[in-house]
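Reader: I'm new to this. Could you take me through this one, and tell me how you know what you claim?

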Amino acid sequence: MSQTSPPNILLLYSSRTGGVVVSRGSLAEEIRLRTRMRGSLSWAPPRFQIIFTAQPTHRRSEVVALQHFLCAGCGTAVEPSEYRTGNIFKLYFCDCCHGGSEAVIPGRLLSCWDFGRYPVSDFSKQLLESVWKQPLFDLTCVGKTLYSRVKELEKFRELQDQLIGIKKLLTACRLSGRVMAEFEQLPAHLMEQPHLFSMEDLLRVKKGQLMAQARALLHSAINHVENCELCLARGFICEFCRERDIIFPFQSDTCKRCPVCRACFHKRCFVEKKCPKCARIQSRKKCQEGFVK
Ligand SMILES: [Zn+2]
Ligand SMILES: [Zn+2]
Ligand SMILES: [Zn+2]
Ligand SMILES: [Zn+2]
């Protein structure tokens, strides 16, 4: 196959594990496959691919032999003593292809919440830079354990849910232009696909920047709703206690929705299967059925 074909970014999702992997086979198989598919018999250029899991370390002598003693980046024959290893592909590169660059490694980030910078080949560095801001990481697929292990990430998710809820309300309000514009400070994907993050997003979660931004945004949005007649008219009154405060589904720490009719109640008031609105709907139905008979 031609070596000049433009590089693709390959993300391989494994339906079996729900994770994202590059190859299910052994390292030997992987290298052989690459070689056969894309290069000469002994060398092929590295593919643009992102490995989402931390890679096991193989014996250096073993990997170098499988690479036919050629640099994984350019195919130049190099003395084994001069090889440098990359952290992404766990392959060996010559000095020209591995200029001592360092980068955050997706696999380490997703498996250990490790934002350390590790030596990578120039090729990997370039790839990682190009995808730094791209929302490639669905945390329900890759890095599944992060939510339960990383407190700040879980906190951000709660805020994100509230923001998505309140944004729906604001979208329906013709007076919300100013506060809606504030939402543009956040990367759009965070308001569209709740579990999808870029490496930059995750770093900003770690540094607390994304939390601060989300909190400020929620504050402005609530401020609008509480002072906007149009928005208030779309709120609910809790039918359990009939208190006069107007409540909204986005107030997820104090309010909840009936799973059947979607009406909103105080969390402290709501009794499962005793929803007043559902009861009303039921009795109306019975009434109509009786009428039809
Ligand atoms: Zn090289
Ligand atoms: Zn409004
Ligand atoms: Zn109530
Ligand atoms: Zn209900």
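Author: Sure. One bit of vocabulary to start: helices and strands here are DSSP runs, at least four residues for a helix and at least two for a strand, numbered from the N terminus. Also, keep in mind that this is a predicted model. W113 lies in the loop between α3 and β6 (117-120).

Reader: Why is W113 called partly exposed?

Author: Buried takes 20 or more C-beta neighbours within 10 Å, and exposed takes 12 or fewer. W113 has 17 inside 10 Å, so it counts as partly exposed.

Reader: And what makes R262 count as exposed?

Author: The cut-off for exposed is 12 or fewer. R262 has 10 C-beta neighbours inside 10 Å, so it counts as exposed. You'll find R262 in the loop between β11 (255-257) and β12.

Reader: What is the sign of phi at R262?

Author: Positive, near 70°, though R262 isn't a glycine. W113, not a glycine either, has a positive phi of about 50°. Most residues other than glycine have a negative phi.

Reader: Which residues of helix α4 are buried?

Author: In α4 (residues 122-131), they are F123, S124 and L127.

Reader: How do you know that they line one face of α4?

Author: Look down the axis of α4: the buried residues fall within an arc of 95°, so they line one face.

Reader: How many residues does the largest nonpolar core have?

Author: It has 31, and I166, L169, A221, V225 and F248 have the most contacts inside it. The largest share, 6 residues, comes from α6.

Definitions and conventions
Residues numbered from 1 in each chain as written. Chains lettered and ligands numbered in written order. Predicted model: local features only at pLDDT ≥ 70, side-chain atom pairs only at ≥ 80, totals over all residues. Arc of directions from axis to C-beta. Core = buried A, V, L, I, M, F, W, Y, C linked by C-beta atoms within 7 Å.
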